[in-house]
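Reader: I'm new to reading protein structures. Could you walk me through this one?

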Amino acid sequence: LNRFSREDRDVSTLALAVDQAAFDDIRGMLKECRRQIQKRVEDAKRPDRVMQVSMAFFPLAPAGAKEGP
């Protein structure tokens, strides 16, 4: 990461508490986002760099797990 300036990269994360409906919605949102990114890349006239986009959506705890007493 330090090989490139902050202006040339974007790194962020989110930790979320979701219910099943939100889980399903977010999966669909990620799929649509990937589709939109691919479409935008296909429209690039003269690409001048190679970038990587990584998306991961996975549990940090089992479904139904509750914290505290």
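Author: Sure, starting with a term: helices are DSSP runs of H or I with at least four residues, and strands are runs of E with at least two. Keep in mind that this is a predicted model.

Reader: How many helices and strands are in the chain?
Author: Going by that definition, strands don't turn up here, since their count is 0. The helix count for the chain is 1.

Reader: Is the chain compact or spread out?
Author: For 69 residues, the globule rule gives 11 Å. The radius of gyration of this chain is 17 Å, well over that value, so compared with a compact globule the chain is more spread out.

Reader: What box do the C-alpha atoms fill?
Author: Picture a box lined up with the principal axes of the chain. Its sides are roughly 55 × 30 × 15 Å.

Reader: What share of the 69 residues is buried?
Author: To count as buried, a residue needs a relative accessible area under 20%. In this chain, the buried share is 1%.

Reader: And what part of the accessible surface belongs to carbon and sulfur atoms?
Author: The accessible surface of the chain adds up to about 7,400 Å². The part belonging to carbon and sulfur atoms is 53%.

Reader: How far apart are the centres of the positive and negative side chains?
Author: There are 13 positive side chains and 11 negative ones. Take the centre of each set, and the distance between the two is 6 Å.

Reader: Which residues form the nonpolar patch on the surface?
Author: This patch has about 390 Å² of accessible area in total. One of its members, Phe 57, sits in the segment after helix 1 and is partly exposed at 31% relative accessible area. The residues of the patch are Leu 14, Leu 16, Val 18 and Phe 57.

Reader: Which residue forms a salt bridge with Glu 32?
Author: The structure has 3 salt bridges, and Glu 32 takes part in one of them with its closest N and O atoms 2.6 Å apart. The two residues are 3 apart in helix 1, so about one helical turn separates them. Glu 32 is partly exposed at 31%, and its partner is partly exposed too, at 46%. That partner is Arg 35.

Reader: What is the N to O distance between Lys 39 and Asp 43?
Author: Both of these residues fall between the cut-offs of 20% and 50%. Lys 39 is partly exposed at 44%, and Asp 43 is partly exposed at 41%. Their side chains meet in a salt bridge with an N to O distance of 3.6 Å.

Reader: Are Asp 48 and Arg 49 buried or exposed?
Author: These two side chains also meet in a salt bridge, at 2.9 Å from N to O. The cut-off for exposed is over 50%. With Asp 48 at 59% and Arg 49 at 54%, both count as exposed.

Reader: How far apart in space are Gln 20 and Ala 63?
Author: Gln 20 lies in helix 1 and is exposed, with 53% relative accessibility. Along the sequence, Ala 63 is 43 residues away from Gln 20. In space, their C-alpha to C-alpha distance is 9.2 Å.

Reader: And how far apart in space are Arg 9 and Cys 33?
Author: You'll find Arg 9 in the segment before helix 1, partly exposed at 30%. Arg 9 and Cys 33 are 24 residues apart in sequence. From C-alpha to C-alpha, the distance in space is 18 Å.

Key. Residues numbered from 1 in each chain as written. Predicted model: local features only at pLDDT ≥ 70, side-chain atom pairs only at ≥ 80, totals over all residues. Heavy atoms only, no water. Rg over C-alpha atoms; globule rule 2.2 N^0.38 Å. Buried < 20%, exposed > 50% of the residue type's maximum accessible area, 1.4 Å probe, protein only. Areas by Shrake-Rupley, 256 points an atom, 1.4 Å probe, with all protein chains shown as cover. Lys, Arg positive; Asp, Glu negative; His and termini not counted. Charge placed at Lys NZ, Arg CZ, Asp CG, Glu CD. Patch = residues over 30% accessible without salt bridge, like charges linked within 9 Å, V, L, I, M, F, W, Y side chains within 5 Å. Salt bridge = Lys/Arg side-chain N within 4 Å of Asp/Glu carboxyl O.
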